[in-house]
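Please work through the exercises below with the sequence and the coordinates open beside you, and attempt each task before reading its solution.

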Amino acid sequence: MARTSRTARPMAEIIPGPDKIPVELIVNDVRKRLTLAPWTTLLDALRDHLDLTGTKKGCDHGQCGACTVLVDGRRVNSCLILAVMKDGARITTIEGLATNGAVHPLQQAFIDHDAFQCGYCTPGQICSAVGLLAEGKARTADEIRELMSGNICRCGAYPNIVAAIQQAMGES
Amino acid sequence: MINFQYAKANDVADAVRQIAADPAAKFIAGGTNLIDLMKEDVERPTRLIDISRLPLGKVEETADGGLRIGALVPNSDLAYHPLLASAILAGASQQLRNMASTGGNLLQRTRCHYFYDVATPCNKRDPGSGCSAINGLNRMHAILGTSDDCIATHPSDMCVALAALEAKVRVTGPAGDRIIAFADFHRLPGNTPQYDTNLRHDEIVTAVELPTRGFATNYTYIKIRDRLSYAFALVSVAATLELEGKSIKEVRLALGGVAHKPWRDQTVEAELRGQTASRTVFARAADMLLRDAKGFAHNGFKIELARRCVIRALTQAALGTPQSQSSKKIR
């Protein structure tokens, strides 16, 4: 039998330096200046430093899509991005989708089609769907399903999510 | 995740200088695999060198009519090539494809669940500690080119297509540029599974080059997995053909999910050249390709699965009916 591995790896070894790093993010059209440790993810920066808790932490490993936001218009998993690497970028979160108090057509479509149950995955689903509409690649239900496969819904609201996206697609 | 220092690279030469100066440093671009491995405490770089703003984000035509894909071109922007686009769309999710870079796709770790689980021995993570997979839960693991030290698989779909297309990898190191043939880029585990590729620590991937030969008509990428989307391959096959009537003029065949690297067997391709495309010929090729395959307790099914997948892929390629990556029906 092989020897046991290094089971207890020290989780927070102290590496000397660096000082926190200044970062500027344009979040939902508002310029935000932050000073962050380099290991701060974009997700943690949004939730813990900017109090934008609409973006959810699900798996924290890029497998569930709950943390999906738009960076410079493209949908990404904010849990796998270091905030310091996005200096100067435009970030759109679920809090930034409504305009003049009116919900985004996709938000309305999710309400119309009851496209959620517990709602935890919903901000990520909607941000992902905003990205999907902007990409313009999905036309059929099959293509919507495939291109939304990075967003898991454990309540299983998938049929209603597809219907909501189809509604918004028809309006856009 | 351990604490680390962070530095930006100003240009390719600066990136090479910085990485050469620090054996514990790593490059970061898309971060989709590296950040994940750092969160699990599997990768523990004490310095990250950010290369994401280097000018390597272009797709250009080369002098001989091929394509040069900059190492930082996101996976989602690579719908330039029929086979490559199909393989890319079979992999990951749109969010990850938006983040993941071309160079990073090549350099994602060859891995398995035990590699991720720091509570278990793993020769790839801790050389000499032993392999937990060989006598463990090895359903996802390799059947070709394995060693007594490692049976992990390379999870990329894109790289399977690049292997079939005979791409070239352009790298820069302290001594200048060199070009690595795709077949020589990734390596088999042998008794040093801690090394996934033949890229040296002080080298950076700057581009992936595709030759002119595009196989735009007779190609397919088939991926079999436990769920229909967003899962690693149990077996995948990239197949391309050039036909004269029914006679096979040129053929390429690469497999994913079966080995430590994208698997290509040129003796099988040589055997197919000049033959008439038929199920019998394809079945013989599949048998030959899998002649040395070795299953473990839970992945023996992959041998027959791969055999059928090769036959199906060559059939689809011959008919010019590539697999759809959105409608999942396999015909």
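The exercises that follow deal with a predicted model, and each task is followed by a solution in steps.

**Exercise 1. Confidence**

Task: State what average pLDDT chain B has, and which ipTM and pTM the predictor gives the complex.

Solution: Begin with the single chain, where the pLDDT of chain B averages 96 and 99% of its residues score at least 70. Then turn to the complex, for which the predictor reports an ipTM of 0.94 together with a pTM of 0.94. As a general caution, coordinates predicted with low pLDDT should not be read in detail.

**Exercise 2. The contact between the chains**

Task: Find how many residues of chain A are in contact with chain B, and which elements of chain A give two or more residues to that side.

Solution: Count residue pairs whose C-beta atoms, placed from the backbone, lie within 7 Å. With this criterion, 38 residues of chain A are in contact with 34 residues of chain B. Next, assign the chain A side to its secondary structure: strand E4 (74–77) and helix H4 (141–147) of chain A are the elements that give two or more residues to it. Finally, sort that side of chain A by class, which yields 16 nonpolar, 12 polar and 10 charged residues.

**Exercise 3. The domains of chain A**

Task: Determine where the two domains of chain A lie in the sequence, and which strand gives the most to the side of domain 1 that touches domain 2.

Solution: The domain assignment places domain 1 of chain A at 21–96 and domain 2 of chain A at 105–171. Taking the C-alpha centres of these two domains, one obtains a separation of 21 Å. In the contact itself, 16 residues of domain 1 of chain A meet 13 residues of domain 2 of chain A. On the domain 1 side, strand E3 (68–71) and E4 of chain A each supply at least two residues, and E3(A) gives the most, with 3 residues. The classes on this side of domain 1 of chain A are 6 nonpolar, 7 polar and 3 charged residues.

**Exercise 4. The sheet of chain A**

Task: Establish the strand order in the open sheet of chain A, and explain why E2 and E4 of chain A each have one side without a neighbour in the sheet.

Solution: The order is E2-E1-E5-E3-E4 (chain A), an open sheet of 5 strands whose pairing is mixed. Strand E2 (30–36) and E4 of chain A stand at the edges with a single partner strand each, so one side of each has no neighbour in the sheet. From one strand to the next, the twist averages 40 degrees. Looking at one pair, E3(A) and E4(A) run antiparallel and are joined by 4 bridges, with Val71(A) standing opposite Arg74(A) in E4(A). Helix H3 (residues 122–135) of chain A lies across E3 and E4 of chain A, and its direction is at about 35 degrees to E3(A).

**Exercise 5. The sheet of chain B**

Task: Describe which strands pair in the open sheet of 3 strands in chain B, and in which order they stand.

Solution: Start from the pairs, since E1 (residues 5–8) and E3 (residues 47–50) of chain B pair in the parallel sense over 4 bridges. Within this pair, Ala7(B) has Ile49(B) as its bridge partner, while Lys8(B) stands opposite Asp50(B). Strand E2 (residues 25–28) of chain B also pairs with E3(B) in the parallel sense over 4 bridges, and there Ile28(B) has Asp50(B) as its bridge partner. Put together, the order is E1-E3-E2 (chain B). E1 and E2 of chain B are at the edges with a single partner strand each, so one side of each lacks a neighbour in the sheet. Neighbouring strands of this sheet are turned by 25 degrees against each other on average, direction ignored. For the helices, E2(B), helix H2 (residues 34–39) of chain B and E3(B) make a right-handed β-α-β unit, and helix H1 (residues 12–20) of chain B lies across E1, E2 and E3 of chain B at about 150 degrees to E2(B).

**Exercise 6. The domains of chain B**

Task: Work out which helix supplies the largest share of the side of domain 1 of chain B that touches domain 2 of chain B.

Solution: Chain B is divided into domain 1 (53–210) and domain 2 (219–319), whose C-alpha centres are separated by 20 Å. Here 37 residues of domain 1 of chain B are in contact with 32 residues of domain 2 of chain B. Helix H3 (82–89) and helix H7 (158–164) of chain B each supply at least two residues of the domain 1 side, and the largest share, 5 residues, comes from H7(B). By class, that side of domain 1 of chain B has 23 nonpolar, 11 polar and 3 charged residues.

Key
Residues numbered from 1 in each chain as written. Chains lettered and ligands numbered in written order. Predicted model: local features only at pLDDT ≥ 70, side-chain atom pairs only at ≥ 80, totals over all residues. pLDDT = per-residue confidence, 0-100. Nonpolar A, V, L, I, M, F, W, Y, C, P; charged D, E, K, R; others polar. Domains from an automatic or database assignment. Pairing = 2+ DSSP bridges. Right-handed = clockwise from strand over helix to strand, strands pointing away. Axes fitted to C-alpha atoms, helices over the stretch in contact; angles between N-to-C directions.
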